[in-house]
Amino acid sequence: MSTTIGRGMPDVRGGGGGGAVKGSNMLPPGVCRTRLWLSRAMSRAVGRCVLEPRPPGKRWLVAGLGNPGLPGTRHSVGMAVLGHLARRLGVAESWARDRRCAADLALASLGDAQLVLLRPRRLMNVNGRSVARAVELFGLTAEEVYLVHDELDKPLGKLALKLGGSARGHNGVRSCISCLNSSAMPRLRVGIGRPTHPDAVQAHVLGCFSPSEQELLPPLLEHATDLLLDHIRERSQGSLSGT
């Protein structure tokens with residue numbers, strides 16, 4: 001069962017038309033009430049992760065970009081980083097599906113700050129829709145959103161934290177910029193290397209890491225998590241102290 005977090009929005013359901021239906025097919029009132037209760041219970045259990053009141057410290061959203069259902073591919077390495085981050089923060093078992101933003105969410109604490117971890121359930125090219133909806137629900141700004149994604153122009157094992165700027169040809173980042181109407185989001189770029197032949201780029205990006213590459217992943221994920229957490233801590237402390 002998915003976790004429900006805090007206080008949510010009203011559960012709005014459509015009616016059945018224009019009043020009671022007469023005839024032999026009408027269900028007894030007790031059965032109708034039971035079905036309505038079950039429907040609402042199922043929606044709360046698997047439908048959405050609802051919000052807590054904003055904590056006293058900062059709140060940050062960290063989105064791991066990728067394609068749902070393809071966790072082992074180079075293009076979804078951002079989701080792999082997010083999974084490692086969730087384990088480090090002790091919330092790996094706390095993911096909850098939220099249908100409002102079509103994503104899996106998990107909340108974690110980092111000192112006085114709160115982290116909202118997000119794994120889109122939409123394809124990479126429209127990841128921005130999930131991110132933008134979560135930004136709206138949690139009352140965040142683009143500057144409070146971290147994007148974690150693959151980077152062709154860096155070799156595997158190399159990381160770079162970029163503070164805003166263009167999408168540099170990355171469709172997931174482009175989607176986020178378009179949906180948030182901003183390019184201010186910090187981005188952790190995770191190198192996956194670029195193949196020598198241009199025609200091989202698509203297969204390379206959508207393909208799985210080779211056995212030799214997989215040996216490099218554990219320290220890479222560890223380093224990426226360290227880099228993210230250190231940067232968020234510094235920004236949180238600076239924001240709280242007014243600097």
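Two strands pair if DSSP finds at least two bridges between them. The views below show a predicted model.

**View A. Strands 3 and 4 form an antiparallel pair.** Strand 3 covers residues 103-110 and strand 4 residues 113-120; 8 bridges link the two. Within this pairing, Ser 109 has Gln 114 of strand 4 as its bridge partner.

**View B. Seven strands make up an open sheet with mixed pairing.** The strand order across the sheet is 2-3-4-1-5-7-6. Strand 2 (96-98) and strand 6 (159-163) are the edge strands, each pairing on one side only. From one strand to the next, the twist averages 25°. In general, strands of a sheet pair through backbone hydrogen bonds, in either the parallel or the antiparallel sense.

**View C. Helix 4 spans residues 171-180 and has five buried residues: Gly 172, Val 173, Ser 175, Cys 176 and Leu 180.** Because these residues cover an arc of only 155° around the axis, they lie on the same side of helix 4. Their cover includes helix 3 (127-138), strand 5 (145-151) and strand 7 (186-191). Asn 181, just after helix 4, takes a positive phi of about 55°.

**View D. Cys 101 and Cys 208 are shown with their solvent exposure.** Cys 101 has a relative accessible area of 0% and is therefore buried, the cut-off being under 20%. Cys 208 reaches 52% relative accessibility, so Cys 208 counts as exposed; that class begins over 50%. A search of the whole structure finds 0 disulfides.

Key. Residues are numbered from 1 along each chain as its sequence is written. This is a predicted model: local features need pLDDT of at least 70, side-chain atom pairs count only at pLDDT 80 or more; totals for chains, interfaces and linings use all residues. Side-chain values use heavy atoms; hydrogens and water are left out. Buried means under 20% relative accessible area, exposed over 50%, partly exposed in between (1.4 Å probe, protein chains only). The arc is that of the directions from the helix axis to the C-beta atoms. Contact means heavy atoms within 4.5 Å. A disulfide is a pair of cysteine sulfur atoms within 2.5 Å. Axes are lines fitted to C-alpha atoms, for helices over the stretch in contact, and angles run from 0 to 180 degrees between N-to-C directions.
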